Structure formats: C-alpha cells, structure tokens
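This report walks through a few local features of one protein chain, beginning with a single residue in a loop and moving on to helices, buried polar side chains and unusual backbone geometry.

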Amino acid sequence: MKAMADKMFFRPIIPLLLAMMAGIMAGIWLPDKMLWAAGLGIVCFGHICHSIWRKKAILLTPLIFYLTCGYLSVQPWVAPRFPPDHITHFLNSTPLKIDGTIQSNPSENPRRIRFVLKTESIASTHQLQPARGSIQVTVYGNHPKLTRGDRISFTSKIRPFRNFKNPGAFNYRRYMSFRKIWGAAYTSAKNLKVLSRSKPQGVMWRIQRIRDKISQLIDHSAGADTNAVLKALIIGDRSGISRKLYDVFNRTGVGHLLAISGLHIGMIASFAFFVFRALLSFVNPILWHAWTRKGAALLSLVPVCIYGVLSGMSPSTQRAVIMVGVFLFTFLLERERDAINTLAVAAMVILIINPVSLYSISFQFSFTAVFCILYGFSRLADTSRQQPWAVMPKLSAVQKQVYCFFFASIFAVLGSMPIVMKNFNQVSLVGLLGNLLAVPIIGAMVVPMGLLSVFLYPLSTAAANGVIHLAAIILSPTLGVISFLSELPFAAVKTVTPSAFEIIGYYLLGWAMMEAIRKPAANRKHAAALAVIVLLAFGADIGYWLHKRVWHRDFRTTVIDVSQGNAALLELPGGKNILIDGGGFSDNSTFDIGERVLAPFLWSKKITRIDTMILTHPNSDHLNGLLYIARHFGVNQIWTNGEAVHSIGYRRLLRIAEEKGIQMPEFPSFVKAHDYNGVRLEILYPPGNFQLLKKWDKWRSVNNNSLVVKARYGAISILFPGDIMHEAEKELVALKGARLKSTVLISPHHGSKASSSEVFLEKVSPKWVIVSSGWKNRFGFPHPLVMKRYEKLGSKVLNTAESGAVTISTDGRMVTVRPFEPKQLNQ
C-alpha cells in the first residue's frame with residue numbers, strides 16, 4: 001500500500017485523471033443528476049480547502065471532487081437545456097424554410113453534398129422566427145458550388161437522428177450530439193438558394209486559400225491515389241481517398257496514417273525540434289544560458305500550430321496539438337520530466353476543453369498507443385537498469401534507433417489492438433511490418449516535406465512544387481508496398497467484438513507480463529497472482545460464450561432492425577446459424593446495411609460463420625445487406641428461389657459466391673426440409689415450377705415469388721413469408737392449409753395493405769406478429785388496415801421501427817419475445 005501511495009504522489013495527475021474519466025462515463029450512463037453532483041462537488045471542494053489550510057494530507061476527497069467535475073462537465077452534451085428557439089423544438093414538424101450559414105467544409109460525391117449548417121431563422125406557412133442550433137444538411141442533385149461561410153436558404157423538414165436499435169449497434173445519435181449537431185435536413189438542389197457568399201477576408205479565409213493552392217499543386221504531382229494521400233497528410237483533406245484505398249491501408253494496419261493525429265504532429269514536432277536545436281547551438285548567448293533545448297521547444301510550437309491549422313484543425317488534430325504542446329512545454333520547466341505524468345496532463349487538458357473526447361476513437365487510440373510505448377520502454381529500462389537498448393550494448397547509433405522504433409511499433413500495435421478490434425473488428429497480421437516500413441517514410445519524410453512546401457509557397461511556387469513532387473516520388477513506391485502487403489491473403493482477419501470485461505482483462509494481463517520481467521522483482525508475486533486470476537476469468541468468459549454460442553439447447557431468432565427491409569438471425573441448438581435476408585438500401589455506396597448494421601450485430605454475438613444464408617427474393621431491401629456478410633463471413637451455402645434479376649446487387653452476390661466457393665443449390669432440386677438438432681426448417685413456397693407458371697400468371701412478381709420459410713422447434717414455430725402479397729397468400733393457403741399455423745409471424749411485405757389477407761392470417765393464427773419496417777417510411781408501412789386485422793385476430797404486435805430488434809427464444813414448449821427497446825404492446 002505504501003508503494004502504491006508513493007506512486008500516486010509521484011504521478012498525482014494519473015489518479016485524478018482516472019477519477020475525471022470515471023465521472024465523464026458516469027455522466028453519460030446516468031445523466032441529468034447535476035444538483036446532486038454539484039452539491040457533492042461543493043462539499044468536497046470545501047473539505048479540500050480546509051485540509052490545505054490545516055496542512056493535512058488527503059487522498060479520497062480530491063478523487064471524488066474530480067469525479068464530480070467530470071460528471072458535470074459532460075452534461076451540456078448528454079442533458080442539454082435548449083432555449084425555446086432551438087431547432088430541437090422543430091424536429092418532425094412540417095417542411096420549414098431554413099436560413100443559415102455553412103460552418104463546415106462541405107463533403108461532396110457525384111450525387112450529393114453534405115455540410116453542417118448553423119441555423120439563423122426558420123419559417124413555416126405562418127411566421128418567421130429566429131432559430132439557433134446546428135443541423136446536418138444533405139443536398140441532392142446538381143448543386144451550386146458551396147463553401148464554408150456561405151449563407152443559404154432551403155425548404156426541408158428537420159429530422160432527429162435515429163439509431164439502429166440492435167445489440168452491438170453504433171450510437172449515431174450520441175455521436176452527433178457530441179458534435180452538437182441536433183438534426184438532419186434533406187433537400188434537392190433546386191430548392192436551395194445562396195443568399196450570400198463568404199467574404200474573402202479574415203485569417204480563416206487566407207488559410208483556406210493556402211490550402212486550396214497547395215491542393216492545386218498536389219493535383220499535378222502524381223497519380224490519383226498518391227495525390228489523395230498527399231492531400232490527407234498535408235492539408236487534412238481525405239475526400240479524394242477511395243473506399244478501396246481506405247481498405248488497403250486498414251488491411252495493412254496503417255489506416256491511422258490517413259487521419260492527422262498525434263503521430264503526424266509528433267513527427268513534425270520532433271523534426272522541428274531537431275532542426276531548431278541544431279541551429280540554436282550556433283548562437284552563443286543561448287548556449288551560455290542553457291536555452292538550446294528550451295528555445296527549440298518554443299520554436300517547435302510554431303510549425304506544430306501551423307500544421308494543425310493548415311490541416312483543418314479537426315478534433316483529432318486539435319487533441320494532437322494539445323498533447324504535443326504539453327510535452328514541448330515541459331522543456332521549459334527546470335525539473336526532471338516524467339513522460340507518463342506529462343501524458344496524463346495532456347489528456348486532462350483535452351478532457352477539460354472537450355470532455356466527450358473520451359469517447360473519440362482517435363483519443364483512445366492515440367493516448368493508449370503512446371502510453372503503452374512509454375510504459376513498455378520504462379519496463380525495458382528497468383530490465384536492463386539502463387537505457388532501453390542497453391540489453392544490446394554493441395549496437396550502432398542507427399541500429400539503436402531501429403531497435404527503439406521496432407519495440408515502439410510492437411508496444412503501439414499490441415497496446416491499441418483491443419481498441420482496433422472493438423471499433424473496426426479487424427486485426428492486421430502484417431501491421432507490424434507495415435508500420436515499420438510506412439511510418440518512418442511518411443512520418444519522417446513525406447509529412448515534413450509537405451509542411452516545408454507550405455513555407456516555401458509564399459517565397460517560390462516553383463520551389464514548393466518541386467518539394468511536393470519529391471514527396472510524391474517518395475510516397476508512390478511506399479503506397480505500392482502497402483498495396484502489395486494488403487493483397488496478401490493473410491494480411492488481415494476479421495474479429496469479433498471484445499466486451500469491456502475482455503478488454504480490461506487484456507490490459508491487466510499485459511501489465512502482469514511486463515511486471516514479470518521487471519528488475520527488481522518487487523511486484524512479481526502480485527503480477528503472477530493477477531495473471532492467474534485474469535487467465536481464470538478468461539477461461540470462465542470462454543465457457544460463457546461457448547454456452548451462449550454452441551452448448552445452448554434453446555432456439556433463438558432475432559428479427560434485426562434494418563430500417564425498411566427484412567433480416568433475421570436464427571441461432572440453432574448446437575451452434576449453427578442461419579441468416580434469412582439481410583435488409584439493405586438501393587445503393588450500398590451510400591449506406592451498407594451489411595457492413596454498418598448486420599456485421600456489428602453478428603460480431604457482438606461472437607459470430608463469424610453463417611451456415612446457411614437464405615435470400616427470400618432479390619429485392620435490394622432483402623438482398624444488399626447480404627453482400628458484405630457473404631464476402632467477410634464464412635458462409636457455407638446460400639438458398640434462393642433461383643429467380644434471376646438484372647440488378648447490380650444480385651450479380652455481385654453471384655460473383656462473391658463464385659469467388660468464395662459458396663454453394664448455391666438450384667431451387668427446384670434442393671431439399672426443402674431440413675432438421676437441425678430438433679429445429680425443422682421448411683421451404684413452403686413458391687411451387688417448384690413457378691418459373692414456368694410466370695408465363696401465364698402475371699401476378700407472380702418478384703415479391704410474390706418469395707421463399708416462404710417455416711422454422712419449428714417442438715410446439716413453437718415461426719413463419720417467414722418474405723414479401724408475398726394477396727395472390728401468393730391465397731395460393732399458399734391452398735397448397736399448405738393447416739401447416740401454416742405458427743406461433744410467430746413475420747409480417748408479409750412489411751405490413752403493406754396488399755398483404756396479410758384475412759384468409760392467410762386465419763390459417764397462420766399467430767400469437768405474435770413482428771413487423772420489420774422503417775420509421776415513418778415513405779410507403780406508410782405497416783398500413784392501418786393491416787394493423788386492425790392483427791388486432792382483430794388478437795395477436796400481439798411489435799414493430800422494429802419502434803421497438804428495435806426483437807428476440808424470440810423458445811425451448812420448444814414456451815416462447816419468450818423480447819424487444820430491444822420495450823414499448824407498449826398491442827394486446
């Protein structure tokens with residue numbers, strides 16, 4: 001205990017930082033308790049003042065005080081108090097005429113432009129009134145050229161942000177509130193009017209002009225990919241980076257290089273510090289006063305700040321500038337520096353300025369990686385009782401640098417691995433090699449040369465252009481190596497999502513292992529005991545998930561919230577998984593349901609394989625979400641009705657199945673009934689010769705030809721009718737009759753009035769009906785007439801648009817239906 005107390009006093013910021021972080025998390029989990037938190041904070045502050053006056057040491061009270069400070073600091077984001085004219089009071093209203101100023105650099109693609117608008121006024125048919133608050137605006141069509149600072153006017157509804165309500169889903173609503181963006185508006189270019197252009201004056205305008213000029217120079221330096229990466233590295237513009245190039249960097253484990261963060265700012269600071277220290281060493285007065293390092297640190301802040309401003313000062317860049325600035329400031333202090341304590345100071349400064357940074361991936365990644373590097377080298381130093389490279393004393397200066405960089409890469413990769421797994425569900429197996437090759441070239445050469453071109457540009461455009469061309473020449477082969485590594489079949493693997501328990505266990509085990517090699521062996525016994533406890537906990541965790549995934553004897557079905565579409569996961573006793581449909585929007589390039597919704601849901605359940613994928617029919621709202629799953633999950637076979645459609649999505653599915661060797665048995669010939677550990681899965685519809693019957697029956701549309709699947713476990717059954725409508729329902733009743741009776745019905749065609757006929761519902765006679773539809777969708781699903789039919793039948797109804805994902809669990813005798821967000825049930 002005494003040793004722990006000594007460490008706390010040696011690094012006093014760390015426990016205070018942890019207390020503040022705990023307060024921020026508590027403020028998000030349990031918001032709007034400000035009165036209680038403020039009262040507790042005042043009491044603690046009084047006790048701290050009293051203890052200082054009495055010169056009495058205290059330990060617990062400052063921690064509680066910082067916890068309350070953290071709690072209160074985050075409340076403006078999680079429990080804001082909006083004034084009467086705030087745009088949140090106009091969400092979901094009628095279309096409004098909205099005036100405002102663009103406050104972010106617009107992002108464009110061929111179909112739309114998107115930006116953040118600071119609202120100034122809104123007008124309905126009745127009155128014009130001032131308004132405040134920021135919204136995200138998306139403009140479709142052939143829009144005019146828009147820039148930051150332009151005042152515009154348009155007509156649109158203001159919609160609230162909504163989450164996909166599934167286990168493991170990304171909290172988009174909270175993400176936007178952390179950016180203080182409170183609604184979304186969508187309009188066409190013809191409804192938008194530019195009221196005034198941004199005035200060409202001020203510092204920000206001059207900075208933007210410089211960024212535009214540098215961008216133009218880069219455009220003529222090399223190929224498209226090289227130019228796009230140069231823009232990302234020098235001016236923070238990632239708009240030109242294609243999805244394919246992002247994937248290449250991520251598979252190689254160097255995706256962090258594309259976002260300006262602590263690495264880039266740190267490289268600039270290190271390069272500038274080295275140059276300025278060398279120059280100042282020739283100035284005798286500075287040498288006499290021992291101000292070489294201090295002066296270099298102060299001067300290094302200039303290029304650091306310039307680079308941060310030039311790159312757009314994104315939140316991640318702001319945090320990096322603050323972190324590096326704190327480290328440079330420590331050179332001015334006449335005392336021995338402790339790097340870990342300095343890192344804690346930087347983190348606290350950032351959290352004081354912006355508490356929600358704690359939930360930023362860049363904040364978590366940067367500080368975790370840097371902490372692990374510092375901690376790892378401190379343990380290597382303890383091992384050798386000298387400098388980290390003293391374990392290999394005969395190394396040259398260059399070899400020592402390579403040695404240090406090698407271990408820094410190892411510590412950074414291993415230290416940040418749980419964060420990468422949780423947020424990206426991918427681990428690069430070539431990440432260490434990729435970083436060893438790319439980081440020195442990009443960080444120590446390309447980025448400083450890019451900044452040098454900025455300084456040269458006002459003096460000589462030709463010189464700036466030459467430096468950028470040289471940077472492009474260096475960068476191009478580096479991109480080639482990165483691309484080569486990414487194409488290796490073992491370059492990266494998709495991973496399940498680790499739980500908070502598993503992440504904490506990973507870091508505790510890492511600490512125990514590092515303490516085990518430390519000299520003297522003061523903590524070895526404690527480290528060994530902790531390692532044993534963590535390993536036992538991991539064993540219990542593995543047992544828990546094996547039971548959840550493989551050893552369970554119940555049958556579970558989850559109707560997933562995919563907005564306007566259908567998707568359901570069937571978890572069978574014994575561990576097999578069946579995915580019926582995958583939802584999807586018409587254009588996966590806009591939003592990929594498979595990547596953004598289905599995959600996170602499956603990974604959160606520790607699922608990486610799908611035994612059977614069933615596509616009821618090839619419409620985009622059932623098909624497109626399956627494409628990502630087919631490519632990135634292990635899929636054994638795909639069942640379809642064999643009806644070919646001339647759509648991009650369907651052709652992609654066939655191509656993926658061929659590339660991955662996924663079986664696709666032909667519909668007329670494959671077995672229509674299968675038994676899986678007590679669960680019987682049957683294909684009830686369409687008839688085997690439906691392709692022939694299409695010539696005479698015009699009603700046999702893509703929807704009406706949907707596969708109808710029934711899953712039965714003991715006395716409990718679930719019916720998945722796809723998008724069949726009245727004509728198909730009538731034929732299905734004639735063909736199967738009483739075999740249609742089911743405990744749970746997934747509403748046909750999302751509850752449209754052209755489905756759920758009375759004769760069909762009478763035969764199914766469900767106790768529960770699950771409607772899978774989008775919130776306030778443009779089709780009006782589910783139709784009020786259909787809801788009345790369900791009510792008349794006495795069925796309980798849940799709609800994924802309101803209740804989120806619905807989980808149906810049964811042991812074959814009893815059934816439990818649980819919505820993700822419980823709502824009032826239709827009795």
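In this predicted model, Asn677 has a relative accessibility of 48%, and because the partly exposed class runs from 20% to 50%, this residue counts as partly exposed. Asn677 sits in the loop between β16 (673–676) and β17, and its phi is positive, at about 50 degrees, although the residue is not a glycine. Most residues other than glycine have a negative phi, and most peptide bonds are trans.

Asn425 also departs from that pattern, with a positive phi near 50 degrees in a residue other than glycine. Its place is the loop between α16 (397–424) and β9 (426–428), and at 5% relative accessibility Asn425 counts as buried. A further positive phi, of about 60 degrees, is taken by Lys606 just after α21.

Two cis peptide bonds, each leading into a proline, are listed below with the loops that hold these prolines.

| Peptide bond | Omega | Loop holding the proline |
|---|---|---|
| Tyr685 to Pro686, cis | near 5 degrees | between β17 (679–685) and α24 (690–693) |
| Phe781 to Pro782, cis | near -5 degrees | between β21 (768–771) and α27 (784–793) |

Helix α21 (residues 593–604) can be checked for its length: at 1.5 Å a residue its 12 residues should span 16 Å, and the C-alpha atoms at its ends are indeed 16 Å apart, so expectation and model agree. The helix is mostly covered, with 11 of its 12 residues buried; among them are Ile593, Glu595, Leu598, Phe601 and Trp603. At the N-terminal end of α21, Asp592 acts as a cap, with a side-chain oxygen placed 2.9 Å from the backbone nitrogen of Gly594.

How do the axes of helix α8 and helix α17 cross, and at what angle? The axes of α8 (residues 224–234) and α17 (residues 431–456) come within 10 Å and cross at roughly 75 degrees; the two helices are therefore roughly perpendicular to each other. On the α8 side the contact is made by Leu230, Leu233 and Ile234, while α17 contributes Ile442, Val446, Val447, Gly450 and Val454. By class, the residues of this contact divide into 7 nonpolar, 1 polar and no charged.

Two buried residues with polar side chains come next. Ser153 belongs to strand β6 (residues 151–156), and its 6% relative accessibility means that Ser153 counts as buried. Although Ser153 and Ile98 are 55 residues apart in sequence, their C-alpha atoms are 5.6 Å apart in space. The side chain of Ser153 makes a polar contact of 2.6 Å with the side chain of Asp99 and another, of 3.3 Å, with the side chain of Lys97. When neighbours within four places in sequence are left aside, the residues in contact with Ser153 also include Asn191, Leu192, Lys193 and Leu195.

Thr616, in the loop between β14 (609–614) and α22 (620–632), counts as buried because its relative accessibility is 1%. Its side chain is joined to that of Asp581 by a polar contact of 2.8 Å. Not counting residues up to four places away in sequence, Thr616 touches several others, including Ile580, His622, Asn641, Asn705, Ser706, Leu707 and Gly722.

Technical notes
Residues numbered from 1 in each chain as written. Predicted model: local features only at pLDDT ≥ 70, side-chain atom pairs only at ≥ 80, totals over all residues. Heavy atoms only, no water. Axes fitted to C-alpha atoms, helices over the stretch in contact; angles between N-to-C directions. Helix = DSSP H or I, 4+ residues; strand = E, 2+ residues; numbered from the N terminus. Parallel < 35°, antiparallel > 145°, perpendicular 65-115°, else oblique. Contact = heavy atoms within 4.5 Å. Nonpolar A, V, L, I, M, F, W, Y, C, P; charged D, E, K, R; others polar. Expected span 1.5 Å × (residues − 1). Buried < 20%, exposed > 50% of the residue type's maximum accessible area, 1.4 Å probe, protein only. Polar contact = N/O pair within 3.5 Å; in protein donor to acceptor, adjacent residues only side chain to side chain.
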